[in-house]
Amino acid sequence: MSFRERAMVPEPEFESYYGRPILKQPTWKTPDVPLYLFLGGLAGASAVLAEGAALTGRPALEKVARLAAAGGAAGGTVALVHDLGRPERFLNMLRVIKPTSPLSVGSFILAPFGALAGAAAASQVTGVLPRLGRLAGAGAAALGPPLATYTAALVANTAVPAWHEAHRELPFVFAGSGAQAAGGLAMMLVPTDQAGPARRMALGGAAVEILAAEGILKKGLVAEPYDQGRPGKLMKVARFATAAAAAATVVGGRSRVLSALAGATYLTASLATRFGVFEAGLESARDPKYVVVPQKERLARKQTGGAAAHTAG
Amino acid sequence: MSTPVESSLWGRLDDPAADAGYADHPKRKGFFTDTSVCIGCKACEVACKEWNQVPDDGFLLTGMSYDNSQQLGASTWRHVAFVEKPIDVPAPVDLGMPTIGSEDQGAVSGDAGVRWLMSSDVCKHCTHAACLDVCPTGALFRTEFGTVVVQPDVCNGCGYCVPACPYGVIDLRKEDGRAFKCTLCYDRLKDDQTPACAQACPTESIQFGDLDELHERADRRLAELHEKGVDVARLYGRDPEDGVGGDGAFFLLLDEPEVYGLPPDPVVTTRDIGSIWKHVGAAAGALVAVGVASFLGRRR
């Protein structure tokens, strides 16, 4: 049907071995890993929100955010362990620490974050050891932003073109997506008179995410999986939901109903972003053209341009 | 100037075993697979399976060629690729000689315009191995021979090595949960033995030895082929300055790498790890800024 959307870039010609993939399909399971990306972002940004709420005297916001931080970390840990081929060996993650492995670094962020956020939430709910609880909460808030963003390094530090070539933008996409999720959840569950910071956090996150995601879409062939098929649809849902939630926040942030609806929409957008990014990577590994065509172009540049072709890290 | 830390991640590195901390170690071992003499017998695949007790990888007939093992994987550590490519053969000039029968045999069989390429693929044992770099448990390690091996008693099946490999070599074994790949017969090397595949290869397409010597041998073979007019011959994974610092297992190919299912210009992902962490740090900072800004201003 010629009325359907037309490809802006002509299909590149390239050779392959019977059209088979060059890269292995990531073995990370759906929904475990994209769900973990979402929960890590939610938990990390919620820890920041909780500490701000504690400092500025917003108990209802503090409680929701502390529980979100602890719950997100616990749920994320379960998803991560469940994803392992040998779950009973999950403690091997803490056997060594390697800066070249974001999963190793991330384990050393997630483990203390989970413990601290859990302690802060337990103290908040039970009222036991309030000062230690606050201290634990402050520790979780310090580890929260790295927890929300290291997952971008996790996917970017692979040979998968759609992930690797987006390694400058993905951390900002994930930071914005985490802020949206944390702000959105608090908007749903906290009375509007205390939810002002949650609204502003979600709005700020939305702006950061949209800008960073736009940067990825400009990358031509390697970014194609973010724009086509199922991941393309998920990314479109994310963009639309983010914009709609942001508009609802600005217009009706102080209406309880509208605020809750906007919050739920932010959460939907954050989930869609994580699943979209994850599935774009799977698609990118499946089709050899995403490996062959850019690498051939790089080789051609090297041959013509000599040493100048080495791209800066 | 590159510092030692940088050279561990990227660029030329002549002694990966020393870089990994072996003070005293044997010379780097490797494979030179000369595909110009490969006959596609798959003795390497069988010998590897037998020696390493690798389970079956499915009894599938692909129908696309004589290649039924299809790709390297957790249970396929040597994989023989069969490339059938149509080529233009100039029509024979009719010399007016008497013939038997009416048609050219080649034309009848349909084989006249097809070129066959066979190549035994294997783990490249990269100088800068992404699988090893990203492994969070330390299950993947550099041996004293400069090769890259998984320790099955440590691997917890996180699967990070799988999308990290730029060649698509390593994979998780589903029924087992852990990652497996070629060990370059680590057990045999320790006993001064040749790896099973090289031992079984009847044409010496798979050559095993000290990597520096294999480089020399490959260069000689390439020059010889070029002299004979085989201009398409090229070495793949030989260059110690390439994106993975050169391969421990390298190849002589007769076509573009992608025709054999190999990436044309692989780069170890951890070359960019500095940039990746820098951007993660900046994004974490941005999240802090968004958080702080959310609590500033109006109090409601």
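**Exercise 1. Find which residue of β8(B) is the bridge partner of Gly30(B).**

Step 1: Get the bookkeeping straight. This is a predicted model, where local features need pLDDT of at least 70, side-chain atom pairs count only at pLDDT 80 or more, and totals for chains, interfaces and linings use all residues. Residues are numbered from 1 along each chain as its sequence is written, while chains are lettered from A and ligands numbered from 1 in the order in which they are written.

Step 2: Look up the elements. Strands here are DSSP runs of E with at least two residues, helices are runs of H or I with at least four, and both are numbered from the N terminus.

Step 3: Check the pairing. Two strands pair if DSSP finds at least two bridges between them; β1 (residues 29-34) of chain B and β8(B) are joined by five and run antiparallel.

Step 4: Read off the partner of Gly30(B): Gly209(B).

**Exercise 2. Place β1 and β8 of chain B in their sheet.**

Step 1: Write down the order, which is β8-β1-β10-β9 (chain B), an open sheet of four strands with mixed pairing.

Step 2: Pick out the edges. In chain B these are β8 (206-210) and β9 (234-236), each pairing on one side only.

Step 3: Add the twist, which averages 20° from one strand to the next. Axes are lines fitted to C-alpha atoms, for helices over the stretch in contact, and angles run from 0 to 180 degrees between N-to-C directions.

Step 4: Lay the helix on. Helix α9 (residues 211-227) of chain B lies across β1, β8, β9 and β10 (249-253) of that chain, at about 135° to β8(B). Contact means that the C-beta atoms of two residues, placed from the backbone, lie within 7 Å.

**Exercise 3. Work out what Pro26(B) touches, leaving out residues up to four places away in sequence.**

Step 1: Locate Pro26(B): the loop between α2 (16-19) and β1 of chain B.

Step 2: List the contacts, Glu144(B) and Phe145(B). Phe145(B) is 119 residues away along the chain, yet the two C-alpha atoms are separated by 6.0 Å.

Step 3: Judge the exposure. A residue is buried if 20 or more other C-beta atoms (placed from the backbone) lie within 10 Å of its own, exposed if 12 or fewer, and partly exposed in between. Pro26(B) has 15 such neighbours, so it counts as partly exposed.

**Exercise 4. Does the span of helix α4(A) agree or disagree with its residue count?**

Step 1: Take the rule: the expected span is 1.5 Å times one less than the number of residues.

Step 2: Apply it to α4 (residues 130-156) of chain A. Its 27 residues should span 39 Å, and the end C-alpha atoms are 39 Å apart, so the two agree.

Step 3: Look for a bend, meaning the angle between axes fitted to the seven residues ending at a position and the seven starting there. At Leu143(A) the helix bends by about 35°, with Pro145(A) following within four residues.

Step 4: Check the cover. Of the 27 residues in α4(A), 19 are buried.

**Exercise 5. Name the element that gives the largest share of the side of chain B touching chain A.**

Step 1: Size up the interface: 59 residues of chain B are in contact with 70 residues of chain A.

Step 2: List contributors with at least two residues each, among them β2 (78-86), α5 (130-134) and α10 (273-295) of chain B.

Step 3: Pick α10(B), which supplies 17 residues.
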